[in-house]
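Colleague: I would be grateful for a guided reading of this entry. Please take the features one at a time, with the general idea before the particular case.

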Number of protein chains: 2
Amino acid sequence: MTDRPAHPNRDTPMENAFSDRITDVPKSFIREILKVTIDSSIISFAGGLPNRLFFPVKALQKAANDVFEEAGAEILQYTNSEGYLGLRQFIAERYRQQEGLEIPVDDILITTGSQQGLDLLGKTFINEGDDLVIEEPGYLGAIQAFSLYRPRFHPVAVREGGMDTTALARVLRERQPKLLYTVTNFQNPSGISYTDENRGAVAHLIRGTSCLLIQDDPYGDLRFSGTRKISFKHLLPKNTVLLGSFSKTVAPALRLGWLVAPPLIMDKLVIAKQASDLHTDYLAQRILHRYLADNDLDAHIATIIRQYGKQKEAMCAAIREYFPAGVQATNPEGGMFLWVTLPAGMSSMALFEAAIKKKVAFVPGTPFYVDRKDSNTLRLNFSCSDEATIVEGIRRLAEAMNEGGVR
Amino acid sequence: MTDRPAHPNRDTPMENAFSDRITDVPKSFIREILKVTIDSSIISFAGGLPNRLFFPVKALQKAANDVFEEAGAEILQYTNSEGYLGLRQFIAERYRQQEGLEIPVDDILITTGSQQGLDLLGKTFINEGDDLVIEEPGYLGAIQAFSLYRPRFHPVAVREGGMDTTALARVLRERQPKLLYTVTNFQNPSGISYTDENRGAVAHLIRGTSCLLIQDDPYGDLRFSGTRKISFKHLLPKNTVLLGSFSKTVAPALRLGWLVAPPLIMDKLVIAKQASDLHTDYLAQRILHRYLADNDLDAHIATIIRQYGKQKEAMCAAIREYFPAGVQATNPEGGMFLWVTLPAGMSSMALFEAAIKKKVAFVPGTPFYVDRKDSNTLRLNFSCSDEATIVEGIRRLAEAMNEGGVR
């Protein structure tokens with residue numbers, strides 16, 4: 001290390017002292033947009049929240065009461081970094097029943113939301129300048145989390161049916177990336193799912209390389225139509241890390257997610273976990289576990305997807321009715337979002353300004369691209385508005401498109 | 001970047017793919033030790049846990065019930081990264097009443113335990129190779145958290161009364177470190193507190209430099225004797241970041257801590273927080289806030305310290321009675337730990353082996369030194385054993401010392 005010059009600004013020492021990494025992380029554009037939508041006359045398709053109507057308030061209250069009553073002080077003490085065994089057993093059993101996957105409990109780490117899973121993977125794998133493949137458009141939270149570890153991002157397009165395997169093959173050949181990050185079911189932001197064929201093709205390209213595939217699946221249980229697709233864990237058992245979450249099926253506030261990785265990786269992840277927050281809230285783990293033991297999660301999920309499915313249908317029908325012919329939209333089989341593509345050359349940022357005047361909001365595509373370019377794409381959320389509101393919002397948005405010259 | 005060679009081990013790609021940082025982090029030595037102490041015939045002074053007898057189980061159960069009843073679904077939804085306003089107001093008010101500090105609520109960030117505060121500071125400030133001053137012996141969790149960001153550690157000794165200011169002055173002059181990490185009250189592991197004079201001398205050295213002082217204070221409320229000392233926030237208002245925790249006063253399982261920093265730093269910390277776990281468990285924040293609103297925290301703390309104080313007295317008295325004359329121990333005014341120094345040249349690792357045979361456990365000093373050297377020091381916890389057990393444990397430990405040739 002060379003000697004440093006005296007600090008130029010001694011009154012506010014911190015100003016020049018920030019790490020390089022923190023200056024790299026994009027500030028959440030969505031936060032800024034959500035500020036605009038506080039105005040209650042605005043119909044907002046901008047949010048990314050599950051619908052609070054379906055939070056199991058009474059059942060979680062009962063679960064909390066029961067664990068306090070039965071376990072007492074134990075649920076308030078420090079615990080192990082790996083997470084509550086009972087909760088990890090529930091997750092393992094669910095993988096077995098739903099996907100035919102045999103996941104040893106020791107391969108499951110409880111995380112403080114699946115967002116923390118991304119941070120732990122960044123800590124464990126990414127050296128500055130490491131090559132990382134990310135979907136384009138891609139999940140904003142993953143871009144943020146990984147950015148802190150300063151990888152070189154290689155965006156690969158996703159479109160109907162999954163990832164562009166030609167582009168993926170080129171990146172794998174040219175860069176030998178360390179990580180490939182995917183949201184394979186009802187992706188945020190696009191609503192796109194990978195077909196079984198696409199998964200097979202991606203797996204074929206990855207197999208035999210040193211690339212680790214991260215399959216992040218927060219929405220997989222929220223399927224309205226179609227059939228469950230094969231997990232990358234079946235296709236690439238040694239090269240796959242799974243991320244999961246209870247945020248979209250039970251409740252997000254508790255910040256409970258999980259990560260599945262083989263022992264060699266898990267050893268390192270547990271060290272990273274311990275350094276990050278020692279362990280995830282144990283009271284929350286015990287409440288959730290009790291809720292899951294005493295309630296039928298699948299019946300609860302069925303209630304959610306019945307309503308989300310209706311809302312998605314209403315949005316797609318209104319899009320067909322009102323949007324100009326040159327505008328395309330995805331028609332997801334599940335999840336909370338769909339993705340709109342304006343004719344080439346149109347700006348979704350410009351449309352956003354016009355839409356706010358019409359009292360309707362959405363998220364322009366910009367934050368979902370690593371280079372944060374202006375684009376002709378935008379994200380619409382359908383989980384938080386009822387069907388009549390959705391129809392009215394889409395009508396307003398179509399008006400803004402028409403007046404903005406979208407054809 | 002240069003091209004990489006083909007990967008040598010294609011079957012287990014992860015083995016060679018870990019980040020440099022994760023291989024730097026010391027595995028928790030204490031975890032390994034705690035495994036030994038599962039044997040219930042062993043008296044353990046090795047743990048670092050608050051005593052579960054004092055967890056307010058019934059009051060937290062009532063608080064949980066009340067917030068579910070009154071706030072319903074709201075407490076289960078995603079929330080802001082900064083944390084619940086009511087909880088931040090409580091913390092600000094407590095700083096005002098207890099320390100005469102005027103902390104704007106906007107300067108307070110709720111963290112997933114104060115351990116996360118360390119991670120967020122690492123993310124926000126540390127570039128690889130940055131100079132960082134840490135106490136010696138120092139808090140293991142801080143060494144772990146900061147290690148992930150690969151600083152150059154400069155240990156400065158703490159001893160009765162606080163930090164070695166001669167050594168600190170030298171490091172400040174020679175290295176112009178970016179950060180100075182301190183646990184100023186009843187430090188873990190040593191039980192040492194900085195006197196007002198020592199704080200003044202440290203502040204005098206820091207003032208006018210670009211060094212940021214982190215004052216981590218998880219134990220400050222657990223004072224049995226003596227008087228509260230001045231906060232570095234008074235002495236160095238612009239250069240000080242405060243960390244706090246509810247883990248030792250209410251309950252650790254909820255993982256609720258906080259961080260105080262000026263707006264310029266807070267902007268960056270919030271970005272780091274969002275990337276790390278979006279926000280801290282909101283249900284837990286609301287339960288704790290309700291508990292704090294409906295109960296007298298100071299009365300609760302008074303109950304804890306009455307007992308911890310008796311246990312500390314029992315340990316100090318037994319040490320005076322049983323330990324060989326050449327062994328020294330700190331006599332802390334609060335907290336959960338005291339620190340024992342064997343005669344020069346003795347090994348606490350060797351003593352540990354002998355002590356386990358006598359059915360008593362402690363933590364050798366090793367993990368509290370950045371270079372993890374064997375040492376003649378060890379940490380004893382007094383918060384989790386009753387007075388009779390403490391006397392018996394110290395008697396056994398003295399036996400191990402005597403048989404090991406300690407004089």
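Colleague: How many residues does the contact take from chain B and from chain A?

Modeller: Please keep in mind that this is a predicted model. In general, the size of an interface is often given as the accessible area lost when the parts come together. Here a count of residues serves instead: 75 residues of chain B and 75 residues of chain A take part in the contact.

Colleague: Which helices of chain B each supply at least two residues of the side that touches chain A?

Modeller: Helix 1 (20-24), helix 3 (57-71), helix 5 (113-125), helix 6 (140-147), helix 10 (263-277) and helix 11 (282-294) of chain B each do so. Helix 10 of chain B gives the most, with 9 residues. By residue type, the side of chain B that touches chain A consists of 36 nonpolar, 23 polar and 16 charged residues.

Colleague: Why can one say that the copies meet through the same surface?

Modeller: One compares the interface residues of the two chains. In this model, 100% of the interface residues of chain B are also interface residues in chain A, so the copies meet through the same surface.

Colleague: What rotation superposes chain B on chain A?

Modeller: A rotation of 180° does so, with 0.0 Å of shift along its axis and an RMSD of 0.0 Å. The two copies are therefore related as by a two-fold rotation axis.

Colleague: Let us turn to a single chain. How many helices and strands has chain A?

Modeller: Chain A has 14 helices and 14 strands. Its C-alpha atoms fill a box of roughly 60 × 60 × 55 Å along the principal axes. A compact globule of 407 residues would have a radius of gyration near 22 Å, and the 22 Å of chain A agrees with this. Of the 407 residues of chain A, 54% count as buried. Among contacts in chain A between residues at least 6 apart in sequence, 77% join residues at least 24 apart.

Colleague: Which domains does the domain assignment give for chain A?

Modeller: The assignment gives domain 1 (18-55 + 299-403) and domain 2 (78-294) of chain A. Their C-alpha centres lie 24 Å apart. Across the boundary, 30 residues of domain 1 of chain A are in contact with 34 residues of domain 2 of chain A.

Colleague: Which element provides the largest share of the side of domain 1 of chain A that touches domain 2 of chain A?

Modeller: Helix 12 of chain A does, with 6 residues. The elements giving two or more residues to that side are helix 1 (20-24), helix 12 (297-322), strand 11 (337-341) and strand 14 (377-381) of chain A. The residues of this side divide into 18 nonpolar, 7 polar and 5 charged.

Colleague: In what order do the 4 strands of the open sheet in chain B run?

Modeller: The order is 10-11-14-13, with antiparallel pairing. Strand 10 (328-329) and strand 13 (363-364) of chain B are the edge strands, since each pairs on one side only. Strand 11 (residues 337-341) and strand 14 (residues 377-381) of chain B pair over 5 bridges in the antiparallel sense. As one case, Trp339(B) has Arg379(B) as its bridge partner in strand 14 of chain B.

Colleague: What is the usual state of phi and of the peptide bond?

Modeller: Most residues other than glycine have a negative phi, and most peptide bonds are trans. Two cis bonds in chain B deserve attention. One joins Glu136(B) and Pro137(B), with omega about 0°; Pro137(B) is found in the loop between strand 3 (131-136) and helix 6 of chain B. Another runs from Asn188(B) to Pro189(B), with omega near 20°, and Pro189(B) sits in the loop between strand 6 (179-182) and helix 8 (196-206) of chain B.

Colleague: Is Leu278(A), with its positive phi, buried or exposed?

Modeller: Phi of Leu278(A) is near 65°, and the residue lies in the loop between helix 10 (263-277) and helix 11 (282-294) of chain A. Leu278(A) counts as buried because it has 23 C-beta neighbours inside 10 Å, where 20 or more are needed. Arg150(B) also has a positive phi, about 55°, in the loop between helix 6 and strand 4 (152-159) of chain B. With 17 other C-beta atoms within 10 Å, Arg150(B) is partly exposed.

Key: Residues numbered from 1 in each chain as written. Chains lettered and ligands numbered in written order. Predicted model: local features only at pLDDT ≥ 70, side-chain atom pairs only at ≥ 80, totals over all residues. Least-squares fit on C-alpha atoms with pLDDT ≥ 70 in both. Contact = placed C-beta atoms within 7 Å. Nonpolar A, V, L, I, M, F, W, Y, C, P; charged D, E, K, R; others polar. Pairing = 2+ DSSP bridges. Domains from an automatic or database assignment. Rg over C-alpha atoms; globule rule 2.2 N^0.38 Å. Buried ≥ 20, exposed ≤ 12 C-beta atoms within 10 Å, placed from the backbone.
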